[in-house]
Amino acid sequence: MIPNDILIVGGGIVGQITAIKLANAGAKVTVVDAGINAGSTANAGSLHVQMQSRFMRIYPDQVPNIEASLPLYLRAVEEWERIDAKYGPVEMIRKGGLMLAEDQKQLSFLEKKAKREAKKGVSVEILDRHALEQIAPWLGPHIIGAELCLNEGKVNPLVANRRLRAVADGLGVQFLQDRIQNLTVGKRVEAIGQTDTYQADRAVIAAAWGTGALVGNFGVTIPSVGEPLHMNITEACSARIDHLVQHAERSITLKQFKSGQIVIGGGWSANDRGLSQVPTVDPLSLLGNVSLAAQLVPTIGNLRIIRTWAGMNTTMDGASVIGPLPASDRLVMAVPGDAGYTLGPLVARLAANCLLGKADHSVIERYSPARFAN
Amino acid sequence: MTTDRFNFAGKSIGFREGQSIAAALTEAGQRVLRQSAKGENRGMFCGMGVCQDCLITIDGLPNQRACMTPAAFGLEIEPQIAFPQLNQMPVPPTATPAQILEPDVAIIGGGAGGLSAAIAARKAGSSVLVMDERKVAGGQYYKQSASHPPLDAQQAEGATLLKHAQESGAEIMGSVEIWGAFDGPLFLADVGGAALVVRPKTAIIATGAYERPRMVPGWTLPGVMTTGAAQTLWRSYRTTPGKRVVVCGSGPLNVQVALELAQGGSQVVMVAETASAPWQHPWISLKAITADPGLVFKGIGMMRELKRQSIPLRHQTSLHTIEQVEDGLRATFKTASGSEFSETVDVICMNDGFEPQNEVLRLLGASMTYDGAMGHLRCDRDRRMETSISNLFAVGDCAGLGGAPAARDEGTIAGRAAAARAGFGSAQDSYPEDRSLARHRNFQNYLWKLHDVRPKLPDTSAPETIVCRCEEITLGEILDGLETSPGHAGSLKRATRVGMGRCQGRYCGPVATRLVAQITGKPIEDLSHFAPRAPIKPIAISSILAAQEALDDPE
């Protein structure tokens, strides 16, 4: 049975695609989003699969969960292929991702990591300098090798967000701007916002780092934390950097959009200014992030940075939270673990399936919010 | 006399000492400087480093601004292609060590306000650093020339002010591109490829204004430029923009520049003024005369001079479209009665008012209030020109249009106050400047009422009009975007890419903000605009690397 009306809290990549799936199935869907400070609107479009060295370094305790989530990442990029084919094109390129090593120690770390990832079905190989030069001649001379993960890629989130919004609009999904501050569940779900109150049969919580606070009264403590992160973009050039570039030990992502612009990011921090204001740029992150990029790809030194911005990434315990709350199946969680934009479409589909009575139990079991029950 | 030469697209181009590359190329009749991503020709537009449309490749280095780069012997210059090859660029030189300066008072902008502030702050005994984007300070009103004696009283006044500032002992640095402003304050800048880090005790922002264009179909064609760009060509480089020129928009600058270009040898076919004639508003005109008889009579003198030279000044006449034709640009105008007529010219100069260059102030979080009559933000300041951020002062047009005479008074008041904050002298005694400032502001009030500088929206009957020059986004695309993402200028930006280009929304941003306000019915305020972000101007990655090394160094 399809619930006749559904409220989705959060209008990012997860909320939008969940709305499309449910509206397609005939539900009346309302999306409420605070309209500020979202992760999806500031995302830079990396499709991650291999374990990010940044995460392994900063959150070592989350590594087992991240490693166990690898199959989910593989399915997530396949889901992006479907989104691209059905609603795109969203400038999707899947030529793989390179994680660079500057010395033997870093390369050994990558070799071990690649073995673990291969066991989970990820397509990885270790490239030496010679092999690397064939596919990435623009790398600096001090890079001695890299791990290539063939599953990785990139999309243009501006294009994807716009297209998905148009699809949802076409299906009659209603988008409202408000910040939901409290939820109650009786015969119906009631969501109290800053300007209005909303009722629905069931609700999907796609509120990223805001999730923990929203459902704190329902017997779960979801450790969702927002990380304000910094990003930079250059003017256009013609060199084709096809790969998503990362580093074995240092925080960076670097890739080139179809526009020819190079996007540099990878987890440098920005200044958090709370829920109602967008995060601001930290000069040290700007300097450090761009300088690192210039060290790895020296020829970009002649390009100019034309814009920087900051957006929020969400971390929990390294794994996603998908499925109904133990306290009430009227509230369905749809929160990707670390790489939110990569996992977004898949998490949306899995959450929508829960509401449509065809939950993929075998997949979502390990991502249930029950693991955070008090 | 032409003595030196450089190459442009394989042609040898002569230039005179002190000319910018853009001026030398204009003189040689080279208007097309680059191709856009969509294959359109572009040339010099703003002439002051804002629009990023005069980009060229110099000795292999892409995306250099022709208007801000001095011509030099033997340069190999190519028109800028949209997608330069990374592997064909020279490897960036190892970064020269950055300079770190910690003056008592840092002043950004060396125009009327900045130079006046420098003199006052030095007089009080503080150390002063003035940074100007151009090679020669003076600002847009005084427009100094590196190699020529002053043309007239206005330029001579600027030369005297600059001389006094130099003699005051203030350090005046030219060719400084401030690209980062952070809490502290901390300023990051580029000086000819080297990094500059400035950590002052107090800062005075005096970054002036840039010109508001009239967005009509064809306004991005080479040969269309701001009135100020044409004025810089003549006043700073003794170069006329072209043989046949039409000047249009609203405000006294258009009349002044028309006369200057005529003096330089251009044939000015017409000045088109959107507003009705001042004699149709006798009461406001009378008020303006009372406020500043000298300036009003100067204006009347300019009108007489136009008449004497048979340059028609047509009121209530607005630029409607621009087309490229075989022998130049055909500009079509509309009159108040709705009739149309065209002029074929080499150059179209446009000025529809001004936008404050308030990026540094907004980045540092200084609070702003929207001025609906002028259509721009005004920086909130106290009587000593201090903003809502302690030790941050704002003077002149960057804080809201006020004109050069007001900027001078504000500069003097702020210079004294900033020095006092840094521990030198007292900020109290500014009575003469306060009085004179009140008089200038009063005059400005009436002056702008006599012109038509209300914020305008492009004509929706021409949806093909480009609004965002950099990303080549049309009015039609923006109107479509408004239907799906009406909430905020920022969401419109993400939906349409309006404002995402190199000039960072300086021209399209105000229009996007107004369109959003129109459709949502929400009043315009500071937060209605695109969020301010570093870099303030595009900045070479090699310069960022140099700044990083300087700040990383424990020394």
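# Exercises on a predicted two-chain model

Both faces of strand S1(A) are covered, since Asp5(A), Leu7(A) and Val9(A) on one side and Ile6(A) and Ile8(A) on the other are all buried. The model is a predicted one, and the exercises below start from this strand.

**Exercise 1.** Work out how strand S1 of chain A is placed, and find which strand pairs with it.

*Solution.* Begin with burial: five of the five residues of strand S1 (residues 5-9) of chain A are buried, so the strand is largely enclosed by the rest of the structure. As background, in a regular strand the side chains alternate between the two faces of the sheet. Next comes the pairing, in which S1(A) runs parallel to strand S2 (residues 28-33) of chain A, with five bridges between them. Within this pairing, Ile6(A) stands opposite Val29(A) in S2(A).

**Exercise 2.** Describe the open sheet that contains strand S22 of chain B, and say which of its strands stand at the edges.

*Solution.* The order of the three strands in chain B is S21-S22-S23, and their pairing is antiparallel. Strand S21 (317-325) and strand S23 (340-345) of chain B are at the edges, each having a single partner strand, so one side of each is left without a neighbour in the sheet. From one strand to the next, the twist averages 25°. To look at one pairing in detail, take strand S22 (residues 328-335) of chain B, which is joined to S23(B) by six antiparallel bridges; there, Arg330(B) has Thr344(B) in S23(B) as its bridge partner.

**Exercise 3.** Explain why Cys349(B) and Cys508(B) form no disulfide with the closest cysteine.

*Solution.* A disulfide requires two cysteine sulfur atoms within 2.5 Å. For Cys349(B), the closest cysteine sulfur belongs to Cys248(B) and is 7.9 Å away, which is too far for a bond. For Cys508(B), the corresponding sulfur is in Cys468(B) at 4.0 Å, again too far for a bond. Both cysteines are nevertheless buried, with a relative accessible area of 0% for Cys349(B) and 2% for Cys508(B). Over all chains, the count of disulfides comes to zero.

**Exercise 4.** Characterise the contact between chain A and chain B by its residues, its buried area and its salt bridges.

*Solution.* Count the residues to begin with: chain B contributes 39 residues and chain A contributes 39 residues. The two chains bury about 3,600 Å² between them, and 61% of this lies on carbon and sulfur atoms. Leu86(B), Arg533(B) and Ile541(B) supply 22% of the area that chain B buries against chain A, more than any other three residues. Finally, one salt bridge is found across this interface, and Arg502(B) and Glu235(A) meet in a salt bridge at 2.6 Å, N to O.

**Exercise 5.** Compare where the partners lie in the salt bridges Lys105(A) with Glu249(A) and Arg514(B) with Glu355(B).

*Solution.* In the pair from chain A, the closest N and O atoms are 3.3 Å apart. Lys105(A) belongs to helix H5 (residues 104-119) of chain A, whereas Glu249(A) is in the loop between strand S14 (244-247) and strand S15 (253-256), 144 residues apart. Lys105(A) is exposed at 61% relative accessibility, while Glu249(A) is partly exposed at 35%.

In the pair from chain B, the N to O distance is 3.5 Å. Arg514(B) lies in helix H14 (residues 508-520) and Glu355(B) in strand S25 (residues 354-356), so the pair ties together parts that are 159 residues apart in sequence. Here Arg514(B) is buried at 9% relative accessible area, and Glu355(B) is buried at 6%.

Notes
Residues numbered from 1 in each chain as written. Chains lettered and ligands numbered in written order. Predicted model: local features only at pLDDT ≥ 70, side-chain atom pairs only at ≥ 80, totals over all residues. Heavy atoms only, no water. Buried < 20%, exposed > 50% of the residue type's maximum accessible area, 1.4 Å probe, protein only. Pairing = 2+ DSSP bridges. Helix = DSSP H or I, 4+ residues; strand = E, 2+ residues; numbered from the N terminus. Axes fitted to C-alpha atoms, helices over the stretch in contact; angles between N-to-C directions. Contact = heavy atoms within 4.5 Å. Buried area = accessible area lost by both parts, 1.4 Å probe. Salt bridge = Lys/Arg side-chain N within 4 Å of Asp/Glu carboxyl O.
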